[in-house]
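Thank you all for coming. Please take a moment with the sequence and the structure before I start walking through them.

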Amino acid sequence: MTSTGTKYPTGYTQVAGTWTHPEYIEASDGSETDIITPSSTTYKLQGDNFGLGVPAGATINSVIIETKERAGITGSNYKAYLECLVGGSQVYLSADINAGPATVHTFDITSSRSWVASDFADGTFALRCWAQRISGVSSFHTYWDYLSAVVTYTAGTTTTYTVSKSVTATTTASVTTHI
């Protein structure tokens, strides 16, 4: 088996809301993107272009996604989620991961679909973090350190065929002479 190693997005899309330093989801370095959730709204930030590089024909053995999140509030007033998308369609949505203090959340999403190598191409595979204020306090901060993915796979086999053909050439000539 081969592993892609832990990969982080190299781009992002602010799907809903205006996030402060959204580029901070691109590395596990303690720098956090955040958003103030002032109303009963869901805010989403998407990580794109993970550079997973799974080769065509590979058999996918596992897909693990991870994030580190913390909230300025705990309890039923706030919810947080991690979502995985392939080709813009949701293939996984975590249960509420709001834990209050900074917490690493890891999910094995292997059984979410029949994965193929092309699912992990840049522009196809994406992770999205959600911050959702339900009710209660007027506003609070939600912080996210990173989004990451690891894929393990078995490389496909390549079969090379050699085709040879034997050709025999015959030349016939005739000469006519007139005197």
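**Strands, core and aromatic pairs**

I would like to begin with two residues, F50 and F125, both of which are buried. Please keep in mind throughout that what we are looking at is a predicted model.

These two residues form an aromatic pair in the edge-to-face arrangement, with 5.4 Å from centre to centre and 85° between the planes. F50 sits in the loop between β4 and β5, while F125 belongs to strand β9, so this pair ties together parts of the chain that are 75 residues apart in sequence. Nor do the two stand by themselves, since F50, W115, F120 and F125 form one aromatic cluster.

A search of the whole structure finds six aromatic pairs, and there is another one that I would like to describe. The ring centres of Y81 and W130 are 5.4 Å apart and the planes meet at 70°, so this pair too is edge-to-face. Because Y81 lies in strand β6 and W130 in strand β9, the pair ties together parts that are 49 residues apart in sequence. Are these two residues buried or exposed? Y81 has a relative accessibility of 13%, which is under the 20% cut-off, and therefore counts as buried; W130, also at 13%, counts as buried by that cut-off.

Let me now step back to the chain as a whole. It has 179 residues, and buried residues make up 39% of them. The accessible surface comes to about 9,600 Å², and 49% of that belongs to carbon and sulfur atoms. In secondary structure, the chain has zero helices and 10 strands, so that, if you read along the sequence, you meet the pattern β-β-β-β-β-β-β-β-β-β. If we take the contacts between residues at least 6 apart in sequence, 77% of them join residues at least 24 apart.

How are the strands arranged? Five of them form an open sheet, in the order β2-β4-β9-β6-β7, and the pairing is antiparallel. At the edges of this sheet are β2, residues 11-16, and β7, residues 89-93, each of which pairs on one side only. From one strand to the next, the twist averages 25°. Within the sheet, β4 and β9 run antiparallel and are joined by seven bridges, and as one example you can find L45, whose bridge partner in β9 is C129.

Strand β6 also deserves a short stop, for Y78 lies in it. This residue is buried, with a relative accessible area of 0%. Y78 and N98 are 20 residues apart in sequence, and their C-alpha atoms are 7.2 Å apart in space.

The next strand I would like to follow is β10, and I will take its partners in turn. With strand β1, residues 2-3, it runs antiparallel and shares two bridges, and here S3 stands opposite T152. With strand β3, residues 33-36, the direction is again antiparallel, and there are four bridges; the partner of I36 in β10 is H141. With β5, the pairing is in the antiparallel sense and extends over 12 bridges, and among the residues involved is E66, whose bridge partner in β10 is S148. As for burial, 11 of the 14 residues of β10 are buried, so this strand is largely enclosed by the rest of the structure.

That brings me to the interior. Which residues have the most contacts inside the largest nonpolar core? This core has 35 residues, and the ones with the most contacts inside it are V54, I65, W115, F120 and F125. The elements that give two or more residues to the core are β4 (42-48), β5 (59-71), β6 (78-86), β9 (125-133) and β10 (141-154). If we leave aside residues up to four places away in sequence, V54 touches T4, I60, A117, F120, V151 and Y153.

To close, I would ask you to go back to F125, which is in strand β9, belongs to the aromatic cluster with F50, W115 and F120, and is listed among the residues with the most contacts inside the largest nonpolar core.

How values were computed:
Residues are numbered from 1 along each chain as its sequence is written. This is a predicted model: local features need pLDDT of at least 70, side-chain atom pairs count only at pLDDT 80 or more; totals for chains, interfaces and linings use all residues. Side-chain values use heavy atoms; hydrogens and water are left out. A nonpolar core is a set of buried Ala, Val, Leu, Ile, Met, Phe, Trp, Tyr and Cys residues joined through side-chain atoms within 4.5 Å. Buried means under 20% relative accessible area, exposed over 50%, partly exposed in between (1.4 Å probe, protein chains only). Contact means heavy atoms within 4.5 Å. Two strands pair if DSSP finds at least two bridges between them. Axes are lines fitted to C-alpha atoms, for helices over the stretch in contact, and angles run from 0 to 180 degrees between N-to-C directions. Accessible areas come from the Shrake-Rupley method with a 1.4 Å probe; for residues, only the protein chains shown count as cover. Rings of Phe, Tyr and Trp (its six-membered ring) pair if their centres lie within 6.5 Å; planes under 30 degrees apart count as stacked, over 60 as edge-to-face and the rest as tilted.
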